[in-house]
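Please open the structure in your viewer and keep the selection panel at hand, because this tour moves from one selection to the next.

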Amino acid sequence: MKRLCQILCFCLLLLITCSACADMDVYFLNVGQGDATVVICDGEAMVVDGGPAAKSSFVYRWVREHTDFVRYLVATHPHEDHIGGIAAVLNAVPVDLLLTPVEKYASPSFDAMIRYADRQGTVVMVPEEGDVFALGGAEVTVVHCWPEAWTVNDMCICLRISYGDTSLLLMADAEYISEYMILDAGFEIRSQVLKVGHHGSSTSSTMTFLREVHPEAAVISCGAGNTYGHPDSMVLEYLEKLDTKVYRTDTMGTVCAHSNGSWFWFETEKDTDTGRSVMPVDDGKTEEKPYYVGNRNTKKFHKSSCPSVTEMKEKNKVVFASRDEAVDSGYAPCGRCRP
Ligand SMILES: [Zn+2]
Ligand SMILES: [Zn+2]
């Protein structure tokens with residue numbers, strides 16, 4: 001009898017231990033108009049985009065609170081609303097591998113990203129379509145990466161993540177043509193969860209593509225009251241036709257999709273279904289002191305809110321995630337904004 005009890009206890013312990021580690025959490029961070037997705041699977045982390053530079057402090061803090069190591073950091077394409085906060089991720093924790101569709105791009109955010117990656121010895125890599133990476137028990141497949149695309153959005157690295165019987169498709173800002181290319185390439189794209197392309201814009205999400213993915217839930221990352229009109233009403237109509245439940249960061253805050261390998265369930269920062277909070281609400285402080293901008297010419301650095309930054313030529317800008325970083329790089333504080 002005692003032996004039977006011991007065996008039962010052992011089995012119970014095993015069950016508890018396994019259920020504690022065997023899961024995948026996907027956080028669609030509320031970074032306003034932009035994208036930042038964090039996938040934590042069986043304790044391993046992947047960050048797909050870091051939001052705009054204005055949300056650097058928020059992304060930095062969030063990443064540090066949730067993990068101490070990022071295995072894959074994906075810069076889906078070089079637009080600022082996706083890679084502006086990537087330097088903050090590289091500043092927050094060690095990162096193994098940085099995936100980008102291009103190794104060169106002329107922008108302050110891209111420069112900062114490469115500089116921080118070099119500094120910590122992160123390997124920078126341009127993936128190929130069909131590449132597969134393991135993240136815990138999940139399989140991450142690159143279904144699109146087009147460095148030669150004539151629009152930056154179509155360069156996007158798109159990923160399909162499968163975990164047990166559950167799957168998720170992250171479309172970044174890929175547009176129509178990329179969707180057709182993905183369909184043409186014959187990748188398995190049917191997924192329970194779809195991160196809708198290009199913030200729900202009408203440039204993406206054809207009905208043909210959505211029908212193939214046939215998601216049960218769709219997540220749209222966009223800023224409240226954004227001037228682009230994202231998400232587009234036609235895209236929302238398509239999703240409704242497919243009976244897809246829509247989660248939006250502009251109205252719901254950060255959205256979290258949990259998978260146990262068999263099904264997904266959702267939690268949102270603002271009360272919709274559960275009313276539970278998946279993370280501390282952004283206190284707005286990030287807007288006050290989000291990051292610093294240096295001027296290559298004058299060797300002065302400023303708070304991002306300093307009027308000098310708006311007057312500065314794009315080519316002279318250099319972004320720093322912290323004050324120390326700017327000082328270490330030989331930049332002096334501006335006398336006007338006193339960073
Ligand atoms: Zn975007
Ligand atoms: Zn874009």
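In which sense do β17 and strand β19 (residues 332–333) pair, and over how many bridges? Select both strands in this predicted model, and you will find that β17 and β19 pair in the parallel sense, over 2 bridges. Within this pairing, look for F301, which stands opposite P333 in β19.

Keep β17 selected and add strand β16, residues 292–295, which runs antiparallel to β17 (residues 300–303) and is joined to that strand by 3 bridges. Here F301 appears again, since it is the bridge partner in β17 of G294. Between β16 and β17 lie 4 residues, and the two strands form a hairpin; if you select K299 in the turn, you are looking at a residue with a positive phi of about 60 degrees.

Next, select the open sheet of 8 strands, whose order is β6-β5-β4-β3-β2-β1-β14-β15 and whose pairing is mixed. At its edges are β6 (123–125) and β15 (264–268), each of which pairs on one side only. Neighbouring strands of this sheet are turned against each other by 15 degrees on average, if direction is ignored. As a reminder for reading any such sheet, strands pair through backbone hydrogen bonds, either parallel or antiparallel.

For one pair inside this sheet, select β1 (residues 24–28) together with β2 (residues 37–41): these strands run antiparallel, and 5 bridges join them. One of the residues to mark is M24, whose bridge partner in β2 is C41.

Now turn to the largest nonpolar core, which holds 92 residues, and select M46, V47, V59, V89, M113 and C158, the members that touch the most other members. This core draws at least three residues from each of domain 1 (24–270) and domain 2 (289–333). Staying with C158, and leaving out residues up to four places away in sequence, you can display what C158 touches, namely V143, H144, L170, M171, A172, A174 and I182.

For the last stop, select A224, which has its place in the loop between β12 (217–220) and α8 (233–241). Is A224 buried or exposed? A224 counts as exposed because 12 other C-beta atoms lie within 10 Å, and a residue is called exposed if that number is 12 or fewer. Finally, add R248 to the selection: A224 and R248 are 24 residues apart in sequence, and their C-alpha atoms are 9.6 Å apart in space.

Methods: Residues numbered from 1 in each chain as written. Chains lettered and ligands numbered in written order. Predicted model: local features only at pLDDT ≥ 70, side-chain atom pairs only at ≥ 80, totals over all residues. Pairing = 2+ DSSP bridges. Axes fitted to C-alpha atoms, helices over the stretch in contact; angles between N-to-C directions. Buried ≥ 20, exposed ≤ 12 C-beta atoms within 10 Å, placed from the backbone. Core = buried A, V, L, I, M, F, W, Y, C linked by C-beta atoms within 7 Å. Domains from an automatic or database assignment. Contact = placed C-beta atoms within 7 Å.
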